[in-house]
Amino acid sequence: MFKSNRSSIVNQVKINDIFYASSFNIGDSSYINAFAKVFAVQREQELFYGFEADYEDFANFKEPIPLPPITEKLQFNRFNANPTIHVSKVRIIGISTSSIFQIGNTKRAYLEARVHHTRQLEHR
């Protein structure tokens with residue numbers, strides 16, 4: 001676990017929905033890794049024929065996501081006049097598809113969501 005110089009104080013949190021590989025974290029994290037693979041089918045008429053598709057058949061689920069290396073030298077100075085972040089109230093309608101709501105600090109985070117939508121419309 002890494003050491004942070006800041007503390008977070010939140011008096012009240014209200015979240016309506018958390019779903020699809022998402023989370024609400026309280027406290028510090030060294031590393032967060034969240035991912036979701038979603039294959040969604042929307043149809044005008046409700047028909048289901050059994051096993052219809054494997055999400056891995058689609059290229060957007062197979063292709064690696066390139067993460068370019070950071071080659072620039074980064075330098076910054078930080079001055080925290082107040083070592084505490086104070087928030088009275090947080091209200092969130094929804095957290096979805098590999099998202100994180102965290103009260104605290106994170107050293108490293110990797111979040112990935114891959115979604116394929118298929119719409120099957122009737123011919124008229």
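**Reading the values of a predicted model**

Student: Why does Phe 51 count as exposed?

Tutor: Phe 51 has a relative accessibility of 71%. Exposed means over 50% relative accessible area, buried under 20%, and partly exposed in between, with a 1.4 Å probe and protein chains only. The 71% of Phe 51 is over the limit for exposed, so the residue counts as exposed. This is a predicted model, in which local features need pLDDT of at least 70 and side-chain atom pairs count only at pLDDT 80 or more, whereas totals for chains, interfaces and linings use all residues. Residues are numbered from 1 along each chain as its sequence is written, and side-chain values use heavy atoms, with hydrogens and water left out.

Student: Where is Phe 51 found?

Tutor: Phe 51 is in the loop between β3 (29-43) and α1 (59-62). Helices (H or I, at least four residues) and strands (E, at least two) are DSSP runs, numbered from the N terminus. The protein has 1 helix and 6 strands, in the order β-β-β-α-β-β-β from the N terminus. Phe 51 and Ile 100 are 49 residues apart along the chain, and 32 Å separates their C-alpha atoms.

Student: What makes Lys 14 partly exposed?

Tutor: The relative accessibility of Lys 14 is 43%, which falls in between the two limits, so Lys 14 counts as partly exposed. Lys 14 belongs to strand β1 (residues 7-19). Ala 21, in the loop between β1 and β2 (23-26), also counts as partly exposed because its value is 41%.

Student: Which residues is Lys 14 in contact with, leaving aside its neighbours within four places in sequence?

Tutor: Contact means heavy atoms within 4.5 Å. Lys 14 is in contact with Val 90, Arg 91 and Ile 92. Ile 93 is 79 residues away from Lys 14 in sequence, with 8.3 Å from C-alpha to C-alpha. In the protein as a whole, 85% of the contacts with a separation of 6 or more are between residues 24 or more positions apart.

Student: What makes the phi of Ala 21 notable?

Tutor: Most residues other than glycine have a negative phi. Ala 21 is not a glycine, yet its phi is positive, at about 60 degrees. Thr 97 likewise has a positive phi, of about 55 degrees, and sits in the loop between β4 (84-96) and β5 (100-103).

Student: How do you know that Glu 112 forms a salt bridge with Arg 114?

Tutor: A salt bridge is a side-chain nitrogen of Lys or Arg within 4 Å of a carboxyl oxygen of Asp or Glu. The closest N and O atoms of Glu 112 and Arg 114 are 2.5 Å apart, so the pair meets the definition. The structure holds 1 salt bridge, and both Glu 112 and Arg 114 are buried. Of the 124 residues of the protein, 15% count as buried.

Student: How does the radius of gyration of the protein stand against that of a compact globule?

Tutor: The radius is taken over C-alpha atoms, and the globule rule is 2.2 Å times the number of residues to the power 0.38. For 124 residues a compact globule would have a radius near 14 Å, whereas the protein has 20 Å. Along the principal axes, its C-alpha atoms fill a box of roughly 65 × 40 × 25 Å.
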